[in-house]
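Good morning, and thank you for coming. Please look at the sequence and the structure while I speak.

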Amino acid sequence: MTTIAIVEDDEYIGDLLAEALTEEGYAVIRAYSGTEALMLLEHRHPDLILMDLMLPGLSGEALLPCCKGIPVIVVSAKADVDDKVKLLLDGAADYVTKPFQIRELLARITVCLRDAHEPDTSLLWAKGLCLNTVTREVLAENTPVHLTRTEFAILKTLMQTPTQVISKSAILDRISLETPDCAESSLKVHISNLRKKLNAVGGKEYIESVWGIGFKLI
């Protein structure tokens, strides 16, 4: 069962939230201060946290960094845009201003839980390599590797099917939209440069040439 933690010192609001969440089939745990919430998080790992900011003891702003890995929806009377922006940039998943509509809050909870359980498709992991398709960062054994646009496209193609041999023609076809200037005559040069860069950082070979067919990750 999905568990939601309510961190709210106003007992009326906390009871209202607990009742609505229970009716929706969620399990509920509660904390009435930031300090109590911190102690709770030492022993429990809820799926989502609903958190006020103006709490006794530890404030919501101070508590937020302690909630790493758990989506947090801030539920606060603070309506200032700067407050909202700062909290979202500091890691909050969403921000709901009091007074709020229960139906809207429940919808936001559903979205946050759905997003939290969806896999991050921007990251590719294989053979000690990590590639971020959004930021275009590449790590070999957790160390950054600086690649050209063509080298990045080739590596991404190999990492998308890390156990398969990819033919030269298939590589050229898949990278054509990202690197239209890459031709069969220059592909070997790009792959050679890619292999050297990965080897220099990771200290081992990552790409294998399969004679007469193409390339694959080792």
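**Salt bridges, cysteines and a helix pair**

I begin with one residue, Asp-15, which is partly exposed, with a relative accessible area of 36%. Please keep in mind that the model is a predicted one.

Which residue does the side chain of Asp-15 meet in a salt bridge? The partner is Arg-30, and the N to O distance is 2.6 Å. Asp-15 belongs to helix 1, residues 11–23, while Arg-30 belongs to strand 2, residues 27–31. The two residues are 15 apart along the chain, and the pair links distant parts of it. As a general point, side chains of opposite charge can pair when their charged atoms come close.

How many salt bridges does a search of the whole structure find? The search finds 12. I shall describe two others.

In one of them, the side chain of Lys-98 meets that of Asp-52, with 3.5 Å from N to O. Lys-98 is found in the loop between strand 5 (94–97) and helix 5 (102–117). Asp-52 is found in the loop between strand 3 (48–51) and helix 3 (60–63). These parts are 46 residues apart in sequence, so the salt bridge ties them together. Are these two residues buried or exposed? Lys-98 has a relative accessibility of 17% and counts as buried, because the limit for buried is under 20%. Asp-52, at 4%, counts as buried as well. There is also a third member to mention: Glu-8 is linked with Asp-52 and Lys-98 in a network of salt bridges.

The other one joins Asp-90 and Lys-86, whose closest N and O atoms are 2.7 Å apart. Asp-90 counts as partly exposed, at 39% relative accessibility.

I turn now to the cysteines. A disulfide is a covalent bond between the sulfur atoms of two cysteines. How many disulfides are there in this model? The count is 0. Take Cys-66 as an example: the nearest cysteine sulfur belongs to Cys-67 and is 6.4 Å away. A disulfide requires the two sulfur atoms to be within 2.5 Å, and therefore Cys-66 is in no disulfide. Cys-66 is partly exposed, with a relative accessible area of 41%. Cys-182, by contrast, counts as buried at 11% relative accessibility.

Next, I ask you to find helix 6, residues 149–160, and helix 7, residues 168–175. The two helices pack at an angle of about 115 degrees, and their axes are 10 Å apart. The crossing of helix 6 past helix 7 is right-handed. Which residues make the contact? Helix 6 contributes Ala-153, Ile-154, Thr-157 and Leu-158, and helix 7 contributes Ile-171, Arg-174 and Ile-175. Sorted by class, the contact has 5 nonpolar residues, 1 polar and 1 charged.

Thr-157 in helix 6 deserves a moment of attention. Thr-157 is buried, with a relative accessible area of 3%. Not counting residues up to four places away in sequence, Thr-157 touches Ile-166, Ile-171, Arg-174 and Ile-175.

Finally, let us consider Ser-209, in strand 11, residues 207–210. Ser-209 is partly exposed, with a relative accessible area of 40%. Leaving aside neighbours within four places in sequence, Ser-209 is in contact with Arg-195, Gly-214 and Phe-215. From Ser-209 to Ser-186, the separation is 23 residues in sequence and 15 Å in space, C-alpha to C-alpha.

Thank you for your attention.

Technical notes: Residues are numbered from 1 along each chain as its sequence is written. This is a predicted model: local features need pLDDT of at least 70, side-chain atom pairs count only at pLDDT 80 or more; totals for chains, interfaces and linings use all residues. Side-chain values use heavy atoms; hydrogens and water are left out. Buried means under 20% relative accessible area, exposed over 50%, partly exposed in between (1.4 Å probe, protein chains only). A salt bridge is a side-chain nitrogen of Lys or Arg within 4 Å of a carboxyl oxygen of Asp or Glu. Helices (H or I, at least four residues) and strands (E, at least two) are DSSP runs, numbered from the N terminus. Axes are lines fitted to C-alpha atoms, for helices over the stretch in contact, and angles run from 0 to 180 degrees between N-to-C directions. A crossing is left-handed if the near helix is turned anticlockwise from the far one by less than a right angle, and right-handed if clockwise. Contact means heavy atoms within 4.5 Å. Ala, Val, Leu, Ile, Met, Phe, Trp, Tyr, Cys and Pro count as nonpolar, Asp, Glu, Lys and Arg as charged, and the others, Gly among them, as polar.
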